[in-house]
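I opened this entry to record what I looked up in the structure and in what order. The sequence and the model come first, and my notes follow.

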Amino acid sequence: MPKRFHLGWFMNFAVDEWNKPFAAGGRPWDGGFYVDMAKSMERACFDYIMLEDTLMISEAYGHSTEAYLKYSIMGPKGDPSPMAALIAAATTKLGVVATMSTMAYPPYMLARLCATLDNIAGGRFGWNIVTSGENLAAMNFGMDELPPRQNRYDMADEYVDLVQQLWRSWDRDAVVLDHATDTYADHTKVRPIDFEGKYYKCRGPLNCVPPVQPGRPAFVQAGGSPRGRQFAAETADSIIAPSSGVAGIKAYRDDVRARAMAAGRDPDEIKVLFVVAPVLGETEEEAKAKFARISAAPSYIPKVLASISSITDIDFSKFDLDAELPHLTTNGEQGSLDAFAQWGSGKTLRQICMEQVSRGLDGLVGTPDQVADRMGEIMEEVGGDGFLITRPFTTNISRQYILEICEGLVPALQRRGLTRTEYTKSTLRETLREF
């Protein structure tokens with residue numbers, strides 16, 4: 001039997017497809033569109049839906065917000081937490097992961113929110129831990145600029161320690177519901193934590209019950225830089241990883257697993273999921289034509305460059321499309337920049353842009369059976385752990401694409417024994433560790 005791998009979906013509470021033949025309208029703000037999407041994913045037995053978030057509208061590309069709003073790249077977006085609650089209430093097995101920044105949430109508020117969501121979800125909630133990588137986001141929260149990346153991760157280490165202590169401030173059996181003594185909760189099993197660290201201070205305890213999942217909700221993290229990888233290896237249950245060729249993703253997974261083992265963790269408890277955007281058709285020719293239409297659109301390259309500009313705070317409008325990029329560093333998402341730029345490959349910026357439609361892995365354009373075979377080959381070479389599906393770069397999510405993935409690609413994977421056909425666990429952490 002082939003080794004099974006995990007599936008998630010990387011998306012955001014943002015604008016759906018609105019200006020194409022199979023558009024849903026571009027006004028998904030009551031959440032119904034994404035609830036329907038989650039139900040389709042649950043029928044296909046995905047591990048989790050991951051709601052990405054950012055906290056600003058960029059002006060990094062061309063020093064203007066025009067591209068970001070014209071093409072709905074950075075906005076509008078809805079807050080992922082209410083969307084997570086809606087999805088959790090409408091599903092019974094699917095994991096629900098929401099992005100919340102350690103920069104933006106006081107630790108006590110985040111601990112309380114995550115515990116509440118995990119109870120609403122019956123133990124299926126996950127926190128995608130981000131430190132935020134954009135100076136404009138920092139400015140929205142009263143700062144002049146972001147701290148350096150090293151400091152942000154040092155702060156995140158302490159932040160995660162604090163919120164875990166808050167979740168443990170209630171013993172799991174603190175709620176006694178003792179009718180005889182008229183006691184709802186035993187006060188001896190709820191205690192302050194009196195946390196005082198370098199960056200944070202908190203008395204505690206939480207004023208809500210702890211998460212359903214023992215100790216904490218599931219942790220998801222995207223670590224690209226060496227410091228980010230270290231944080232992810234020490235903390236995460238699942239890691240969001242960019243795709244940069246089979247050799248690149250194998251090296252990434254091997255590195256994270258080695259870091260986890262060195263930190264005393266079982267690397268098999270960390271599921272590294274690589275972001276991919278399959279382009280599907282009933283025939284290979286149809287899929288290739290669809291791919292070509294995406295990359296041939298006049299707005300394609302500006303959208304790609306505006307997107308990478310937003311997460312790196314580097315203005316990519318100033319570079320020659322037909323030359324190699326100079327080596328660049330950022331206080332933003334260095335790992336995403338490295339994956340995008342492919343340093344030393346000899347490729348021009350235009351060539352790099354054209355490769356972004358399916359997010360960096362070849363062979364994911366074709367029929368469901370062809371793409372399923374290729375995904376199986378990739379996982380066999382890499383060793384695991386799975387994929388995070390997302391929309392083809394520069395497009396918006398559509399019901400058509402959801403259908404193609406959930407009722408085309410996933411059944412093809414299931415027929416090959418590559419992905420689950422049923423849920424057997426009740427919490428997200430258990431689902432991730434099932435195989």
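Before looking at any helix I fixed one definition: the expected span of a helix is 1.5 Å times one less than its number of residues. I also kept in mind that this is a predicted model.

**Entry 1: helix α8**

I applied that definition to α8, residues 246-262, which has 17 residues and reaches 24 Å from its first C-alpha to its last, close to the 24 Å expected. I then asked which residues of α8 are buried, and found Val 246, Ile 249, Tyr 252, Arg 253, Val 256 and Ala 260. Why do they sit on the same side of α8? They cover an arc of only 130° around the axis, and that puts them on one and the same side. The general rule behind such a pattern is that an α-helix has 3.6 residues a turn, so residues three or four places apart point the same way.

Looking at what this buried set packs against, I noted α7 (226-235), β10 (238-241), β11 and α13. On the other side of α8, I found Ala 247, Met 261 and Ala 262 exposed. For Met 261 I looked up the value itself: its relative accessibility is 57%, and it therefore counts as exposed, the cut-off being over 50%. From Met 261 to Glu 234 the C-alpha distance is 9.0 Å, with their positions 27 residues apart in sequence. Just after α8, Gly 264 takes a positive phi of about 85°.

**Entry 2: the barrel**

I next traced the strands and found that eight of them close into a barrel, in the order β1-β2-β3-β4-β9-β10-β11-β14, with parallel pairing. Neighbouring strands of this sheet are turned by 30° against each other on average, direction ignored. Taking one pair in detail, I saw that β1 (residues 6-12) and β2 (residues 48-52) run parallel and are joined by five bridges, and that Met 11 has Leu 51 as its bridge partner in β2.

I then checked two helices that lie across strands of the barrel. Helix α4 (residues 107-120) lies across β3 (95-101) and β4 (125-130), and runs at about 150° to β4. Helix α13 (residues 368-382) lies across β1, β11 (271-276) and β14 (386-389), and runs at about 130° to β14.

**Entry 3: what the UniProt record lists**

From the unreviewed UniProt entry I took the annotation "domain: Luciferase-like", which is listed for residues 34-385. Over that range I find the chain to be 41% helix and 13% strand, with the end C-alpha atoms 25 Å apart.

The annotation "binding site" in the unreviewed entry covers Asp 53, Thr 99, Tyr 153 and Ser 225, and I followed two of these positions. Is Asp 53 buried or exposed? Its relative accessible area is 17%, so Asp 53 is buried. Asp 53 is found in the loop between β2 and α2 (66-70), and, not counting residues up to four places away in sequence, it touches Lys 77, Gly 78, Pro 80 and Thr 99; Thr 99 is itself covered by the annotation.

Ser 225 lies in the loop between β9 (218-221) and α7 and counts as buried at 6% relative accessibility. With the same sequence neighbours set aside, Ser 225 touches Arg 149, Tyr 153, Gln 334 and Gly 335, and here Tyr 153 is the partner that the annotation also covers.

**Entry 4: Trp 170 and the cis peptide bonds**

Trp 170 lies in the loop between α6 (149-167) and β5 (175-178) and, at 15% relative accessibility, counts as buried. Leaving aside neighbours within four places in sequence, Trp 170 is in contact with residues including Val 175, Lys 189, Pro 205 and Pro 210.

Pro 205 led me to the peptide bonds: a cis bond joins Gly 204 and Pro 205, with omega about -5°, in the loop between β8 (201-202) and β9 where Pro 205 is found. A cis peptide bond also joins Gly 75 and Pro 76, with omega about 0°, and Pro 76 lies in the loop between α2 and α3 (80-90).

**Entry 5: positive phi outside glycine**

Asp 313 has a positive phi of about 60° although it is not a glycine. It is found in the loop between α10 (300-312) and α11 (334-341), and counts as partly exposed at 34% relative accessibility. Gln 342, in the loop between α11 and α12 (349-354), has a positive phi near 50° and is likewise a residue other than glycine.

Technical notes
Residues are numbered from 1 along each chain as its sequence is written. This is a predicted model: local features need pLDDT of at least 70, side-chain atom pairs count only at pLDDT 80 or more; totals for chains, interfaces and linings use all residues. Side-chain values use heavy atoms; hydrogens and water are left out. Two strands pair if DSSP finds at least two bridges between them. Helices (H or I, at least four residues) and strands (E, at least two) are DSSP runs, numbered from the N terminus. Axes are lines fitted to C-alpha atoms, for helices over the stretch in contact, and angles run from 0 to 180 degrees between N-to-C directions. Contact means heavy atoms within 4.5 Å. Buried means under 20% relative accessible area, exposed over 50%, partly exposed in between (1.4 Å probe, protein chains only). The arc is that of the directions from the helix axis to the C-beta atoms. UniProt positions are given in the numbering used here, feature names are shortened, and annotations may be inferred rather than shown by experiment.
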